[in-house]
Amino acid sequence: METMVQREITAWTALELGRRIRAGEVSVTEALKAYLDNIEQTDGSYHAYVSVWREQAFQRAKQVEQELKEGKYADSPLAGVPIAVKDNICTKGEETTCASRILAGFRPPYQAEVVDRLLSAGMVIIGKTNMDEFAMGSTTETSAAGATRNPWDTSRVPGGSSGGSAAAVAAFEAPVALGSDTGGSIRQPSAFCGVAGIKPTYGTVSRYGLIAYASSLDQIGPIARSVEDLAAMLEIISGWDEKDSTSVSSEYKYTYLDVIEAVKQAFKDEKDRKELKDRNQGGDIKNACPPQVLAGLRIGLPKEYFGEGLDREVKKCVLEAAEALKALGARLEEVELPAIKYAIPAYYVLASAEASSNLSRYDGVKYGYRTADYEGLQELYKKTRSEGFGEEVKRRMLIGAFVLSSGYYEAYYNKALKVKAVIKQNFDRAFEQYDLLLSPTAPNVAPRLGESLADPLKMYLGDIYTVAVNLAGLPGISIPVGFAEKDGKRLPVGLQLIGRPFGERELFQAAYAYERWQKASGEVKELFAEKAEGGQRDDRERREADESKSTI
Amino acid sequence: MTERGGKQMRANRQYETVIGLEVHVELATKTKIFCGCTTEFGGEPNTHCCPICTGMPGTLPVLNKKVVEYAAAAALAMGCTVTRRCRFDRKNYFYPDLPKAYQVSQLYLPIGRNGGIEIEVEGKKKVIGIHEIHMEEDAGKLVHDPWEDVTLVDYNRCGVPLIEIVSEPDMRSAEEVIAYLEKLKLMLQYLGVSDCKMQEGSLRADINLSVRELGAKEFGTRTEMKNMNSFKAIARAVNGERKRQIELLEYGGRVVQETRRWDDNKDTSFAMRSKEDAQDYRYFPEPDLVPLELGEEWLAELKSRQPELRDEKRARYIREYQLPAYDAGILTASKAIADLFEETVALCGKPKEVSNWLMVETMRLLKESEQEPEEVSFSPKNLAALIGLLEEGAINRTVAKEIFEQIFRKDVEPVKYVEAHGLRIVQDTGALGEAIREVLAAHPQSVADYRGGKKKAMGFLVGQVMKETKGKADPRMVNQMLLEELEGLE
Amino acid sequence: MKIEDKTIEYVAALAKLELSEEEGLTHERARGDLERILAYIETMNELDTEGIEPMSHVFPLKNVMREDVVREDMIRQTEQMEGRQIRREALLSNAPSQKEGCFVVPKTVE
C-alpha cells in the first residue's frame, strides 16, 4: 500500500504534486518521504546525488506545511514540491563542492539567488546532485565523487555536466531539478536521460551563487519530466537580480504558464469540435488530425545539424518529431548556419580562458582543500591546485592560460570573439525568417562509461549541437522524442529547439504542443509511465533478491 | 661629480633624467567598487568585507556608480578624452592579497586618455602628459606575523576603488615630479574625488625612471620603484635612483629593467627579488560586468557640476576677500584648509584674520605634529568663536593662541574654555591697580632702576603684573596704568 | 601548432599547476592533448572574420551600476560592530588556516 502511494506521488508531475499538496490530498512531508524513499532504494545504483539533505529537508517540509496552513504560497504552484539542486549552486551553510576535491567541505555563508527563489516559492530542497567537476565534461564522469549512471542503462553515462540532476529526475528521485548549462550541460543530459531541460536566454536567471565555469556562457535552468513543469520552474527562478550585472531587467515579462494554458485550451477546443463532428459522423478520435496549435510558427532545420556524425536512429527520431510539429501546423524549412562548425573551437577557447581565470581563486587560502605539506607560498599554490583539481579541469586551465598568454591572445582569444560575433550574425539572420530552429540535442545516444574519458577531443565534439546556443546567448530546450535501440536497450533521444533571445515562450509553445500530441496520439507510449513501471519493478526484484540472499 | 675606487669618470658627460609616474588614488566613495562594503579606513581585520570582496565562489561584482562619476570627473579635469564605450578587464596573477587571483582593471578601453596637467617649476610652465586614467580595485593587506613566521591576510582594503593615473615620461627632475604630484593631489581633492591622504595610502606613486645622455633621442632602460607614499621620499628616491643609474653608466655598467624598492632610511634602492614567474597577466574582458556607455549628456552634466578648482578659487579669494595673493596661494594649497577658511569666514567674516590663524598658527602646529593639512580636525565654528572673543576684547592675543592650540588638538569650544579656565581679560581697573601696587611694592629695585633711567625695567614690571593676573590682563592697559603709577609717584 | 616542452612548463606555471611525470595528467599527455586540441581550435582560422568586431558580450546590456550606499546584508538585527564580527567569522569559517581574524599564508614579506 505504502509503495502504491509512493509510486503515485513520484509519478505525478511537479505541478500535479503541487496541486494535490494545496488540495490537502498529500502532505509536504509525505511527498518528501516518497522521494527520499526512492533515493534510498535506487541511488546506490545511479549515484545522482552527492549529498541528500534528509534531516534538513524534513524540517523544511514541516515548516512549509505550517506556512501553507497559514495561507502562504497562495500563488505558488510548486509550494511543498521537492527539488534537487546541482552542486555548483551555493546553498547557505550546506556543502557546495562542484564535485571537486578542491572545494571539499566548502559551506558557503551565502545563498545563491535561485535558491532564495526556490525557498520563496515554498519548495523543499532534497539534496545536491552530482556533476562533472566544475561543470567541465559531458558525462558526469569527471566528478571527484565518482560517476553518475544513466537510469535507462547503468552501463552508460547520464550525460553532463548536469548528469546528476537529469538522472535524479529520470529515476524519480526528484520531480524537478536545477542544472546549469555552459555548452549543453542541461540539454544534453536531459536528452540522454529522456527528460526535458531548458537553458534560458543568457541573463534570464541570476548567476549570483552559481560557481562560475565560464561566466559569459553559464546559465542556470530547470530539468523536469514535463514541459509544463519546466515552464512553472522557469517562472520561479527567472527575473532580474540586482546582484548579477548580466541579469536582464524586468522589461522582459517572465511568464510561461500562460503559453501552456493557451496550447491546452487549443487542444481542448479542437477535441470538443472533433467530438461533435465524430458524433455526427461516427468517426474515430484517435485518427483525427491534431489541432493546428502551431499554425504560423516557422521552424528552421539547420542543414549543418543533420550532416555527418549524426547517428542514423537519432536522426530518424528527430525527423519524426519534426513531422509531428508540422502536423501541428508549423512550417518547416531547411536553413543554413555556415559558421556553426566553428562554434566548438571558439567555445573551447572562450570557456577555457574564462575558466582558467575563474578557477584561479582556488589556492588553499580562503576555503576548500589545502595540501598537507608545503614549503613557501608557491608550493602551497602548486601542490594544492595539482592535488585538488581533476585532469579535465587542469587540461582546460592549461588551454585557457595558453590562449590568453602573451603573444597568443590575438590569434586565439580575440579570434574566438570574432567567430562568436559571426555565429551570432548567423543566428540573427536565421531568426529573421524563423521563429525557432530545430535539431537533435546530441549526435548520439548516451555513450558507455569510460568511452569519452579516453579522448577529450572526441568528448568535446559531442557538444556540437549545443555550444553555439551558449555562444549566442540564446534559449534552447531539449525534449524527449523517442528511443534509439542500442545493444538491445532502448535509449532516449532528445530534440533541441532553439529560440530567439528571450524567445522562451515560443519554445514552450512548440515543446508543449509536441508533448501533448505525443501523449494524445498514443504513438509514443508514455515515456515515464513505462519508466516508472520498469524502475519500480527492477527495485522490487532487487529487493526480493536481496531478501532471499539474506535468508540463505 | 663623484669619484669612486680611484677610477676616473669619463669627462663631462651630461645626463637627462626621464621620469614617468603611475599614481594610484583611492576614490572617496562610501562603498567599495563592486560591493556594498564600507571603504572606511582601518577597522579590525576582515570586518569591512563580504563574500564578494573576499572572492567567494559564485559571487558577482556590481559596479558602484560613484566610481565612474569620480573617474570621469578626474579624466575631464585632466583634459583627457573620455572613452565613451569603456569596459573592465581582468588582470590575472596569484598573490594572497588578491582573493580572486585576478584584479578587475581596465587595459583595453580605459576611461580616459591623452590628457595633460600644467605644472610650474621655478617660474617655468610645462605640461605633463597624461597617457591614461583607468579604474580598478585595490588589493588587501599582508602583515607579517613574527611569532609564527607566517603572513596574515586582511581583505579590508580589497575592492576599495582606485584610479590609476599614468603620465607620459615627461618629467625631468625631482622638482617636476613633486610639482606634478602636488598639482594632481590638489586637483583630485578639489574635485572631491579623493582625500589623497598619503599616510593612509590614498595616494601612492610608482616611479619609472631612466637616464640618457643629454640630446639622445632614445630613452634609456628604466627601472620602477613601487608604492611610494610621501613626497619627500619620492624626491629622495628620484635623486637617489638617478645618481645610481648615472654611476652605473659612468663606470661602464648597464641599467637592468627591474622593479626596485626604495629604502628611505638607507637612502638607496634595492632590486626586489624577481617573482618566480613571468609577468604575463593574461588580460581579457571581464565577463561579469557589462560595458559602460558614457553619453554626451551625462558628461556635459558632470562637467557642469565640476566644482571650483584651485586656480579659480585663488583668484576668487583675492577678488572677493581682498586677500593678498600670498595668502590666497597658501590657503588654497590644501582643499581642507580652503574649506575651513570659507566655512569660518561664513560664520564670522574677517577673512584676513581667519587667513592669519590658518596660515600661521595652523601651519605651525601641523608642522610640529608632523601632520598633513588634510588631517586638520577642528571645526570652523570654534575658530570663528575664538576670533569673536578676540574681537570683543574678551581675551588677549596671547591667551587666544593658547586656546587655539586646544582647538587645534581637541576642538574645544573657546567660550566654555575661557570660562572654565577664567581666562577672560581683567577689565576691572580696581583689581588691576591692586595688582600693580603689589608688584611695585614687591620689586622696589626695579622701580628704582626705572626711575634711575633704566627704562628696560618697565618690561620686567609689566611681565610681573601679567603673571600676577595670570595673563588675563589687557597688556595695553597694564602698560598705561603702570606708567601712570610710576610717573605719578615720582 | 607544435607545443614545445617549455611552453607546457610556462603555461603550467601560469596556472600554478605541477604536472606529474608518472601518473594522471602527465607533462607528456598534457603536451599531446594541448597540441591536438589547439590544432582543432585552429580550424576556426578558416572562417573569414575580416572587419568583424570581437564580441565580448552578446547582448547590448550596458551601464549596470548600483548606488554608492553601504549595504551589509549579512548583518541583521545586530549592532554594526558585532555584526561585522559575525560576518568575519562566517567569511573565515571555510579557511584552512586562520589567526587573529586573518587568513594565514606562508611568509610573503621579505
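Gly163(A), Gly164(A), Ser165(A), Ala166(A), Ala167(A), Ala168(A), Val169(A) and Ala170(A) are all buried in α6(A). That leaves helix α6 of chain A, which runs over residues 163–170, mostly covered, with 8 of its 8 residues buried. Just past the helix, Phe172(A) takes a positive phi of about 60°. As with everything reported here, this comes from a predicted model.

Turning to the nonpolar cores, the largest one has 294 residues. The residues with the most contacts inside this core are Ile83(A) and Ile126(A) from chain A, plus Ala71(B) and Ala74(B) from chain B. Take Ile126(A): leaving aside residues up to four places away in sequence, it touches Leu32(A), Tyr35(A), Leu36(A), Val52(A), Trp53(A), Ala57(A), Pro82(A), Ile83(A), Ala84(A) and Ala174(A). Ile83(A), then, turns up both among the best-connected core residues and on the contact list of Ile126(A). There is also a second, separate core of 40 residues, and Tyr317(B), Leu323(B), Ala385(B) and Leu389(B) are among its members. As a general point, nonpolar side chains tend to be buried together in soluble globular proteins.

Within chain B, helix α1 (residues 65–77) packs against helix α4 (residues 296–304), their axes coming within 10 Å and crossing at roughly 75°. An angle from 65 to 115 degrees counts as roughly perpendicular, and α1(B) and α4(B) are therefore roughly perpendicular to each other. On the α1(B) side the contact is made by Glu69(B), Ala72(B), Ala73(B) and Leu76(B), which meet Leu299(B), Leu302(B) and Lys303(B) of α4(B). Sorted by class, the residues of this contact come out as 5 nonpolar, no polar and 2 charged.

Now for the contacts between chains. Where chains A and C meet, 41 residues come from chain C and 55 residues from chain A. On the chain C side, the elements giving two or more residues are α1 (5–14), α2 (27–41), α3 (80–92) and β3 (102–106). Of these, α2(C) gives the most, with 7 residues. The side of chain C that touches chain A breaks down into 27 nonpolar, 8 polar and 6 charged residues.

Chain A also meets chain B, with 34 residues of chain A in contact with 26 residues of chain B. On the side of chain A that touches chain B, at least two residues each are supplied by α11 (343–358), α12 (376–388) and α13 (391–404) of chain A. By class, this side of chain A has 16 nonpolar, 10 polar and 8 charged residues.

Definitions and conventions
Residues numbered from 1 in each chain as written. Chains lettered and ligands numbered in written order. Predicted model: local features only at pLDDT ≥ 70, side-chain atom pairs only at ≥ 80, totals over all residues. Core = buried A, V, L, I, M, F, W, Y, C linked by C-beta atoms within 7 Å. Buried ≥ 20, exposed ≤ 12 C-beta atoms within 10 Å, placed from the backbone. Contact = placed C-beta atoms within 7 Å. Helix = DSSP H or I, 4+ residues; strand = E, 2+ residues; numbered from the N terminus. Nonpolar A, V, L, I, M, F, W, Y, C, P; charged D, E, K, R; others polar. Axes fitted to C-alpha atoms, helices over the stretch in contact; angles between N-to-C directions. Parallel < 35°, antiparallel > 145°, perpendicular 65-115°, else oblique.
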